[in-house]
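Student: I would like a close look at a single part of this protein. Please take the aromatic residues and then follow their surroundings.

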Amino acid sequence: MKNVQPRFAIAGLAALVFLAAVLPGLRGLNYPFLFDDNWAVVNNPLVVDSLDVKEIFSSNAWGSTANYSHTPNYRPLSVLSLAATHKMVGLNPLLYRLTNLMLHGAASVALMLLALSLGAGITASALGALWFAAHPIHAEAIFFVVTREELTSTLLILALLILAVKAFQSLGPEIGTRQQDKKQRALLLILTGTVTILALLFKEGAVTIPFLLIAVGAALPGSSWKTIAAMAGTAFVMLITYLGLRYWALGSITTAHIPWQDNPLVLVGPFERIKSALNLVPLALSLLVFPMKTTVDYGFNATGLPQTASLGLALVGFVIIISGLALYFWSAFSKHKSALIAVGVAVLAIPYALISNLIIPSSVLFGERLLYLPSAGFALILVGIAEFLRTKVSSRFIGFGAAAVVVLFCLGFMGMLASRNSDFKNTKSLFDSSLAAYPGSTRLWNNLGLALQQDGDLEAGLTAIERSLSIDPTNASALNNRGRVLMQLGRPQEAMDSLVKAIEMRPGMPAALGNLCILLASQPDVVRATNICQLAVEKGAPVDEVLEMLKHKATQGP
């Protein structure tokens, strides 16, 4: 009977956490596909064409189309899940978005169970999970359909850490002599390998799993190093397997090209890159604590980096990192041990290090979706601090007061998350809200201009694209979009100048070549038009019919 009440309380609080994760997004289940969803879902041949598993496993996540052949994303299980959803409902967004909400709810409950397995009380575990479930920084991860890769990978990692915490402390070094023990260890390693490869095939960020297992195992008192080594070793084997598959599919392990509009730090040397990356550490921490300024794009000039990188802010970032390391070692190895805090620091710091640009340039400068797993670590730190204070403060009044404050904070977070969900109702509202926070983003102005052009507001679209080019005159995508709008406005010479400049900035750019082909096809110089169209087709632009029409015109003579 003693176990019944806690289990009932755990189930009830888990349901509450799940609801808190799901409710802010229910209003937007029928919102259209936006931004990256258009490229990764709507226009992705791997998703919308026939469900071809072999093709999915041998291509990058955006279908290896000409415009996005540089993307380093190898996420076949994420693409497969999107393709399977398309097979069931086509491009009706409801099931795609509902799936994301369910995954976020499941990840929030998994975080609660991880806190419990680390020794936290039921109330503290639930409050930490509520904080994670309602956090507005997760809007991008939840409300973009394509980012189910982030949600699923995080869910699998949290599930594996729950398994690891139980295994590290229950399977001592003497395990292995009995047949039953051997079966138990074999099952553990099979589960470790399976979850690791699944997480990697959803998103490559799961490369941190072996390091997380070591850091978590070291933080737990009484852990079996034999078990830690076995699990981490199995995860490393799966990581090597994934890298082999990635090389087979993409022809390389890393990306060969990172556009500077995505990450301007590729334009500077190591010192400036590290200084800028350290400038981003306080930004990341402030977003985790209380996100007042949010955006869907932190690319070129949104933050002003690397030009505005401050040595003083870099020192602040460095102090935060050193403090985090000190907190891990203090909570893992001092007499005031707190496995919750140590594991939280590991889950926060190790995944963030991968995308921080401190070690190597990342494919993006910064992204709120990339803080999804690190924020789970931050939630565990908060739970650990709450449990530490509970042991030091005996007053129930203070405890209830603190819990009430956290609940109110979480309710405020839910309101902010629901408000951010409303930004996703259309492209204009999404970009308007982001530009209000970071008006210096060349990519956001360009995408706003493209959205306005698609809605038929050509003049407003042109104005937004011109704003994009005033920030970055070399933005090939904006130059191409400017050329397309000018074509529609009946200004062919200006359109041609813009498209030619786009191709100069990005030689062989399929979209610009395709638009230039269409423009030239309406002019008298058939030979030039044919040559450009031939090149456009070779680069992957869908202008085959225009090329055939020009060839037919050439055979007819003057």
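What follows is a short walk from the aromatic rings to the cores and some helices.

Tutor: Keep in mind that this is a predicted model. Start with the rings. Across the whole structure, a search finds 20 aromatic pairs. One of them joins F35 and F431. Their ring centres are 5.2 Å apart, and the planes meet at 80°, so the pair counts as edge-to-face, for which the angle must be over 60 degrees. Where do F35 and F431 sit? F35 lies in the loop between α1 (4-22) and α2 (36-42), while F431 belongs to helix α18 (residues 427-437). The two are 396 residues apart in sequence, so their pairing ties together distant parts of the chain. Both F35 and F431 are buried.

The pair has company. F35 and F431 share one aromatic cluster with W39, F143, F144 and F424. F424 also leads us to the largest nonpolar core, which has 144 residues. There, F424 is among the four members that touch the most others, along with L213, Y328 and F366.

Take L213 next. Which residues does L213 contact, leaving aside neighbours within four places in sequence? They are L160, L161, A164, F168, T192, I228, M231, A232 and A235. A second core lies apart from the 144-residue one. This other core has 31 residues, including L479, A512, I532 and V543. In soluble globular proteins, nonpolar side chains tend to be buried together.

I532 takes us to helix α24, where I532 is buried. V526, A529, T530, C533 and A536 are buried in α24 too. The helix covers residues 526-538, 13 in number. From first C-alpha to last, α24 reaches 18 Å, close to the 18 Å expected. After α24 comes G540, with a positive phi near 105°.

Back to the rings for one more case. Y438 has a charge above its ring: the charged end of K293 sits over it, 4.6 Å from the centre.

Now a polar residue. Is T442 buried or exposed? T442 is buried, because its relative accessible area is 0%, and buried means under 20%. T442 is placed in helix α19 (residues 442-454). Its side chain makes a polar contact with the side chain of N475, at 3.0 Å. Not counting residues up to four places away in sequence, T442 touches F300, S468, I471, D472 and N475.

Conventions. Residues are numbered from 1 along each chain as its sequence is written. This is a predicted model: local features need pLDDT of at least 70, side-chain atom pairs count only at pLDDT 80 or more; totals for chains, interfaces and linings use all residues. Side-chain values use heavy atoms; hydrogens and water are left out. A nonpolar core is a set of buried Ala, Val, Leu, Ile, Met, Phe, Trp, Tyr and Cys residues joined through side-chain atoms within 4.5 Å. Buried means under 20% relative accessible area, exposed over 50%, partly exposed in between (1.4 Å probe, protein chains only). Contact means heavy atoms within 4.5 Å. Helices (H or I, at least four residues) and strands (E, at least two) are DSSP runs, numbered from the N terminus. The expected span of a helix is 1.5 Å times one less than its number of residues. Rings of Phe, Tyr and Trp (its six-membered ring) pair if their centres lie within 6.5 Å; planes under 30 degrees apart count as stacked, over 60 as edge-to-face and the rest as tilted. A charge sits over a ring if NZ of Lys or CZ of Arg is within 6 Å of the ring centre and within 35 degrees of the ring normal. A polar contact is a pair of N or O atoms within 3.5 Å; within protein, one must be able to donate a hydrogen and the other to accept it, and residues adjacent in sequence count only if both atoms are side-chain atoms.
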